[in-house]
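Me: I would like a close look at a single part of this model, namely the place where its two chains meet. Please treat it as one connected account, and bring in the rest of the structure where that helps.

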Amino acid sequence: MEKKPVNRKIVIAVWVIGVFLVWEFAAFAIRHILPIDTPDTKLPYFHGVVITFFQNFMDLAASSWVTFINAGRGFLIGTAIGCVIAFLMSWSKAIEKIAFPYLITFQMIPVLGLAPIVYKLVGGGDEAKVAISALISFFPVAVNLLDGFHSVDVQRRELLYSYATKKPITYLKLMIPSALPQLFTGMKIAAPRTITAAILIEMMGSTAGIGVKILYALYYNGAGSLLFWSCILAAAILGMLSSVVVSLVERIVIPWEKAMLKKGEA
Amino acid sequence: MNKSSWIDKKGFRIAAPIVFGILFVLFWQFGGLHWLLHLRAYDFPLPTQIIDVFATQYAVLWKHTVITATEALVGLIIGSVLGFGVAVLASWFPQWGYGGLALMSAINAIPTTAMAPIMNNWFGRGMGSKIAVVIFFTMAAMAINTYRGLTVLPPFSLDLMKSYNATKKEIFFSLRLPNCVPSIFTALKVTTTTSMLSAIIAEFFSSYAGLGFRVNSVLQEGKNADGWAYIACSAIVGIIMYMIVSVVERRVTKWHASQR
């Protein structure tokens, strides 16, 4: 292990190029080496997808923005509600005892299955996307933040208790700062899911958003069209972007956590 | 920290959620939710209507539940094995394997709704495409979780193994592998839900059987209570799968209880 450490950025770059080459070769293979039926619907050339992506960039970006902003609004609402619930449960033992089994149960339920019902209730407008995004991000945030509150060092709590520190101060000075990393863990789980949720509502029938673009491309250009694939690419980028944004915010809000992790790894 | 002691009693811990649940269902049954959320009776079925669907259509419900559960389970098993393999390879080659893990994180962030149409192109409208979607997402979650277990080791344990002049293989089998068993279960708890969810989402688009397909089609026919019954089925399957994982976890990681 004491060999020269390779820069992680180089590793990632090599992998990205590798995936690109594998994709291109596979696309070549199903056309010329082992020809299959309708290769365009299975795997188009990646460079073709990228070119189409940039040709339609403004269009795709505008649609993605609609999806992103609605998912983001739902995400913020869901995160806020999740924080309040976790906070109440940590504050009052009675509330925790009543609500905890339900919180755990809801985690086991495929909540996105509710999407058609939400769609039926409020239609395919922005409200539906915000509602389902909020619903989906609420549970991971609440569960993880509560977990963070639970794992605060007991000795530290007892120290503050022995100083007769008031409960609000204890939360402000100890509980909330210590639980922040867990909050971000929950948010990182939730963020890509809200994008999935928003796209799902859009694909069920809506007027704007990347999900609508995917459907249109399927109907008018077919599953083998490069436009369809570049819409998918945009959706994938959107999902990754959402978790990158949360990571960036995390690095700004709790810079010490990253530093500690690096120390631990070394 | 002396709290009022009645809250800590076991009786309260069990009774309180049950009483709350019963009150909630009664509130719902007698129109409280409709009144609170301004819903019309037609849009939002009552508990008795949903139970009625279970009583009259259990055969159809069962048939579609089995289809979705099979897709989820087969995908979960294949995906977990693949994901674990990726994590092992990544930890075996720490320098370059890291990139594979980044790839897994990227896959994990892809919306299921974007993956489903591609898999439908690849494997048709049957169960195969749904299983493929499940494989992708369970694989990613499993790889990310177990990689942590394989690489984040107790302090100094790796130094100790090295001071014994342990080979890479020995370190893997007597340190990394046991250390990652709890992470496997953490991952499984996440992926059981993920697998059901991915299967259902994949079924929403282009399929002719399964819970996701049925939810969509009965809602379009305006049978809202039926839709809720199918949702309830998916929830029940999710809960059962989660519970099986929890029970196995408790049996397998008994030795680990002190650490958790």
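Reply: What follows begins with one chain as a whole, turns to the contact between the chains, and ends with some local features away from that contact.

The model is a predicted one, and its local features are considered where pLDDT is at least 70. Chain A holds 12 helices and zero strands, so that, by the assignment of helices and strands used here, the run of elements from the N terminus on reads α-α-α-α-α-α-α-α-α-α-α-α. The C-alpha trace of chain A spans about 75 × 60 × 30 Å along its principal axes, and 41% of the 266 residues of chain A count as buried. Where contacts in chain A join residues at least 6 apart in sequence, 76% of them link residues at least 24 apart.

The contact between the chains draws 45 residues from chain A and 43 residues from chain B. On the side of chain A that touches chain B, at least two residues each are supplied by α1 (8-33), α2 (39-42), α5 (93-108), α6 (115-122), α9 (167-203), α10 (210-221) and α11 (226-253) of chain A. Of these, α5(A) provides the largest share, with nine residues. By residue class, the side of chain A that touches chain B divides into 31 nonpolar, nine polar and five charged residues.

One helix pair that crosses between the chains can be followed in detail. Here α9(A) packs with helix α5 (residues 112-123) of chain B at an angle of about 55°, and the two axes are 8 Å apart. Because angles of 65 to 115 degrees count as roughly perpendicular and those under 35 degrees as roughly parallel, α9(A) is oblique to α5(B). From α9(A) the contact takes A:Thr196, A:Ile199, A:Leu200 and A:Met203, while from α5(B) it takes B:Thr112, B:Thr113 and B:Ala114. Divided by class, the residues of this contact of α9(A) with α5(B) are four nonpolar, three polar and no charged.

A:Met203, which belongs to the contact just described, also appears among the partners of A:Ile214. Leaving aside neighbours within four places in sequence, A:Ile214 is in contact with A:Met203, A:Phe228, A:Cys231, A:Ile232 and A:Ala235, and with B:Pro117 from the other chain. In the largest nonpolar core, which has 125 residues, those with the most contacts inside it are A:Ala115, A:Ile214, A:Cys231 and B:Ala143. The element that gives the most to this core is α6(B), with 16 residues.

A second residue that reaches chain B is A:Ser243, which lies in helix α11 of chain A. A:Ser243 counts as buried because it has 20 C-beta neighbours inside 10 Å, and a residue is buried if 20 or more lie within that distance. When neighbours within four places in sequence are left aside, A:Ser243 is in contact with A:Lys188, A:Ala191 and A:Pro192, and also with B:Ala109. The C-alpha atoms of A:Ser243 and A:Leu200 are separated by 18 Å, with their positions 43 residues apart along the chain.

Other parts of the model give a contrasting picture of burial. Helix α8 (residues 154-162) of chain A has nine residues, of which the number buried is zero, so this helix lies largely in the open. After α8(A) comes A:Ala164, whose phi is positive, near 60°. Most residues other than glycine have a negative phi.

Chain B has residues with positive phi as well. B:Phe156, although not a glycine, has a positive phi of about 70°, and its place is in the loop between α6 (127-151) and α7 (157-163) of chain B. B:Phe156 is exposed, with 9 other C-beta atoms within 10 Å. B:Asn165 has a positive phi near 60° and lies in the loop between α7 and α8 (168-204) of chain B. B:Asn165 is exposed too, having 7 other C-beta atoms within 10 Å.

Finally, chain B is divided into domain 1 (1-44) and domain 2 (46-256), and the C-alpha centres of these two domains of chain B lie 31 Å apart. Four residues of domain 1 of chain B are in contact with four residues of domain 2 of chain B. On the domain 1 side, the residues that touch domain 2 of chain B divide into two nonpolar, one polar and one charged.

Terms used:
Residues are numbered from 1 along each chain as its sequence is written. Chains are lettered from A and ligands numbered from 1 in the order in which they are written. This is a predicted model: local features need pLDDT of at least 70, side-chain atom pairs count only at pLDDT 80 or more; totals for chains, interfaces and linings use all residues. Helices (H or I, at least four residues) and strands (E, at least two) are DSSP runs, numbered from the N terminus. A residue is buried if 20 or more other C-beta atoms lie within 10 Å of its own, exposed if 12 or fewer, and partly exposed in between; C-beta atoms are placed from the backbone. Domain bounds come from an automatic or database domain assignment. Two residues are in contact if their C-beta atoms, placed from the backbone, lie within 7 Å. Ala, Val, Leu, Ile, Met, Phe, Trp, Tyr, Cys and Pro count as nonpolar, Asp, Glu, Lys and Arg as charged, and the others, Gly among them, as polar. Axes are lines fitted to C-alpha atoms, for helices over the stretch in contact, and angles run from 0 to 180 degrees between N-to-C directions. Angles under 35 degrees count as roughly parallel, over 145 as roughly antiparallel, 65 to 115 as roughly perpendicular and the rest as oblique. A nonpolar core is a set of buried Ala, Val, Leu, Ile, Met, Phe, Trp, Tyr and Cys residues joined through C-beta atoms within 7 Å.
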